[in-house]
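Please work through the following exercises with the sequence and the model open side by side. Each one sets a task and then solves it in steps.

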Amino acid sequence: MTAVHRTVDAVWKLESARIIAGLTRLVHDVGLAEEFAQDALVAALEQWPSAGVPDNPGAWLTTIAKRRAIDHIRRSERLDRKHEELARDLDQQPDQQPDDVLRLMFISCHPVLPTAARVALTLRLIGGLTAAEIGRAFLTTEARITQRIAAAKQTLADERVPFELPAGPELAGRLSSVLEVVYLIFNEGYAASAGDGLIRADLCLEALRLGRQLAELAPDEPEVHGLVALMEIQASRSAARTGPNGEPVQLHEQNRGRWDQLLIRRGFTAMLRARDLGRPPGPYVLQAAIAVCHAQAPTAEDTDWRQIAALYEALARLLPTPIVQLNRAVAVGMSAGPQAGLDLVDALLTDPALQNYHLLPGVRGDLLARLDRPAEARREFERAAALTANSAEREFLRRRAESLPDDAPPSLTLGQATGEFLRREDLDAQTLRAYAQTLRRLCLAVGEGLPLAELTPDRVAQTFELAWAGAAARTWNRHRAAVRSFSAWADLPDLARTLDRRTEPPSPRRGLDLAELWAREVPLRERALWRLLAESSAGPRSVLALNVDDLDLDERRAWTGKTWITWRSQTASLLPGLIAGRERGPVFLADRRRGPGRPPAAADVCPHTGRTRLSYERAEYLFKQATGHTLRDLRES
């Protein structure tokens with residue numbers, strides 16, 4: 001990426017929310033507003049490398065985007081009065097308008113949207129997070145977040161949601177989702193879920209700014225002040241959270257002299273405002289109280305962990321989420337001893353929401369290390385490192401694993417056995433890919449460093465329930481078969497013996513219509529291959545392995561080295577044209593020569609054309625694309 005492209009990317013992260021918010025006020029459609037903003041981004045990528053970065057890049061992007069909006073409205077034949085209004089707006093400075101970002105935030109959190117969609121859309125528009133980052137924040141998939149965002153934009157457009165701040169009871173009703181979004185934005189900045197750095201300061205500052213404005217907008221809401229207090233105190237530790245090389249520094253190891261006292265005082269002030277309102281504490285006020293306990297302790301040893309554990313217990317009653325329960329386990333581990341904390345953590349191992357959450361094995365590793373169980377702790381830190389997408393955190397966890405002694409006698413680990421199993425040469429590529437998916441999921445769930453002898457059917461069953469409980473019967477059975485094959489190869493008792501095979505429903509796919517297939521116009525290679533499979537009933541791999549010198553065209557047969565493959569008249573009429581005078585090499589050739597990075601075996605190269613043998617995977621793909629069926633279906637027809 002060039003320096004100009006990096007500049008464009010940085011400006012976009014800083015300015016996109018304001019640009020989209022300003023456009024939404026003009027066109028009253030979030031989806032259109034984001035589209036015009038993206039047009040401006042494309043224009044910057046095209047023009048700035050040659051013309052240079054403008055003095056005020058944010059204003060440049062805003063101007064281009066607003067011009068796109070004007071063009072759109074003109075094309076839609078809006079009233080002249082609206083044209084004049086937009087033209088005047090184009091000449092105004094962005095800071096002369098009310099806080100459009102705050103208005104956009106309340107639109108994104110409008111009650112017409114489901115809660116999950118409100119949060120996802122606001123994180124996308126306000127925080128500038130990608131769908132993948134939002135997915136990690138919600139412990140769900142990128143595809144699901146993308147669907148939520150698209151559906152939310154369509155709903156806002158269909159309902160014609162006005163671009164205005166709510167008032168009265170409506171304001172209070174919509175605050176909770178707004179607060180959740182602000183805190184998620186802050187958390188993504190405070191502990192980045194992906195990338196090279198641990199902290200994204202721009203997101204922390206944006207969340208603080210929005211939180212403070214919300215406190216001015218709703219001064220009688222204690223939860224708003226509680227959130228502000230929580231963010232102020234957590235942000236005060238930012239300078240002490242990373243070491244000289246960007247590595248994470250744990251809370252109890254931080255230099256408290258580097259904590260920002262101004263932010264701590266601001267947090268205390270916000271906390272006092274929340275308490276002065278005299279209402280029962282909500283989730284954010286309780287979390288802020290926990291942050292206050294840490295900030296008041298002069299040293300890590302002076303921390304009142306008993307009080308923090310009590311606050312987490314109260315928080316868990318109000319907000320019994322897996323993440324809160326995990327944090328409570330940490331506090332209990334510090335106040336009542338590591339075994340008490342470990343018991344709480346182990347109760348969370350079967351929670352599907354935490355199966356890919358790296359902090360679960362990270363916390364468990366810390367507790368095991370304190371219990372003087374270094375081998376188990378080492379494996380948990382390794383598993384946590386494999387699960388995190390943040391490189392700084394990954395290296396930190398790996399170092400923690402390497403710092404622990406490994407006094408256990410050398411033994412074959414699950415990761416080593418998996419590697420050897422997947423390097424087998426007696427399995428085809430498709431089968432190996434299926435086995436790899438199963439075994440790598442198992443490695444993530446229990447840790448690659450687990451001695452193979454300690455892998456039990458119960459641990460395998462737990463992995464299946466977490467990863468594939470809701471999967472289709474065919475998918476479940478495929479993973480079960482992979483584990484059984486691995487067990488047999490490793491000379492282990494059947495690791496899938498507690499997993500019942502599920503009944504697969506009959507395939508709804510229609511039968512293969514051969515008459516329709518033969519009527520198609522397809523390339524000679526595919527026509528000859530498909531005819532040969534249909535007429536010979538031979539396996540696809542055996543047919544694709546044929547060489548020209550194996551063929552006896554006069555007798556309509558070919559020797560495979562083990563048996564004869566025979567065919568009838570339609571195949572016989574196609575093969576001479578396919579061979580086209582070639583005397584040696586594969587019968588069925590790939591579309592092009594293989595690249596130099598993947599040298600083929602000599603037997604798989606045609607000496608006349610230099611092209612390689614058509615692979616089974618490519619032949620299968622082409623047939624599926626054409627018919628929706630597999631080559632095996634053709635053979636059986």
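The exercises below treat strands, loops, salt bridges and aromatic rings in turn.

The model is predicted, and for that reason local features need pLDDT of at least 70 and side-chain atom pairs count only at pLDDT 80 or more, whereas totals for chains, interfaces and linings use all residues. Residues are numbered from 1 along each chain as its sequence is written, and side-chain values use heavy atoms, with hydrogens and water left out.

**Exercise 1. Strand order**

Task: Work out the order of the strands in the open sheet of three strands, and find its edge strands.

Solution. Begin with the terms: strands (E, at least two residues) and helices (H or I, at least four residues) are DSSP runs numbered from the N terminus, and two strands pair if DSSP finds at least two bridges between them. With these rules the order reads S3-S4-S5, and the pairing is antiparallel. Next, look at the edges, which are strand S3 (551-552) and strand S5 (564-566), each pairing on one side only. Then turn to strand S4 (residues 557-559), which is joined to S5 by three bridges; Trp-559 has Trp-564 in S5 as its bridge partner. Finally, consider the side chain of Arg-557, whose charged end sits over the ring of Trp-564 at 3.8 Å from the ring centre (the rule asks for NZ of Lys or CZ of Arg within 6 Å of the ring centre and within 35 degrees of the ring normal).

**Exercise 2. Positive phi in loops**

Task: For Arg-160 and Asp-372, state where each lies and decide whether each is buried or exposed.

Solution. Arg-160 has a positive phi of about 50° although it is not a glycine, and it belongs to the loop between helix H8 (142-159) and helix H9 (169-190). Its relative accessible area is 72%, so Arg-160 is exposed, given that exposed means over 50%, buried under 20% and partly exposed in between, with a 1.4 Å probe and protein chains only. Asp-372, also not a glycine, has a positive phi near 60° and is placed in the loop between helix H17 (359-370) and helix H18 (374-387). With a relative accessible area of 64%, Asp-372 is exposed.

**Exercise 3. Salt bridges**

Task: Describe the salt bridges of Glu-380, Asp-591 and Arg-613, adding how accessible the partners are.

Solution. Side chains of opposite charge can pair when their charged atoms come close. The rule here is a side-chain nitrogen of Lys or Arg within 4 Å of a carboxyl oxygen of Asp or Glu, and a search of the whole structure finds 23 salt bridges.

1. Glu-380 pairs with Arg-383, with the closest N and O atoms 3.4 Å apart. Both residues lie in helix H18, three residues apart, about one turn of the helix, and both are buried. Together with Asp-346 and Arg-364, Glu-380 and Arg-383 are linked in a network of salt bridges.
2. Asp-591 pairs with Arg-618, the closest N and O atoms being 3.5 Å apart. Because Asp-591 lies in the loop between helix H27 (569-579) and helix H28 (616-627), while Arg-618 is in helix H28, the pair ties together parts that are 27 residues apart in sequence. Asp-591, at 41% relative accessibility, is partly exposed, and Arg-618, at 34%, counts as partly exposed.
3. Arg-613 meets Asp-604 at 2.8 Å, N to O. Here Arg-613 is buried at 13% relative accessibility, whereas Asp-604 is partly exposed at 28%.

**Exercise 4. Aromatic pairs**

Task: Classify the pair of Tyr-183 and Tyr-284 and the pair of Phe-464 and Trp-476.

Solution. Rings of Phe, Tyr and Trp (its six-membered ring) pair if their centres lie within 6.5 Å, and planes under 30 degrees apart count as stacked, over 60 as edge-to-face and the rest as tilted. By this rule the count comes to 12 aromatic pairs. The ring centres of Tyr-183 and Tyr-284 are 5.9 Å apart with the planes at 90°, so this pair is edge-to-face. Tyr-183 is in helix H9 and Tyr-284 in helix H13 (residues 283-296), so that distant parts of the chain, 101 residues apart, are linked. Tyr-183 is buried at 12% relative accessibility, and Tyr-284 is buried at 11%. Phe-464 and Trp-476 form an edge-to-face pair, at 5.3 Å centre to centre and 85° between the planes. Phe-464 counts as buried at 1% relative accessibility, and Trp-476 counts as buried at 3%. As a last step, note that the charged end of Arg-502 sits over the ring of Trp-476, 3.8 Å from its centre.
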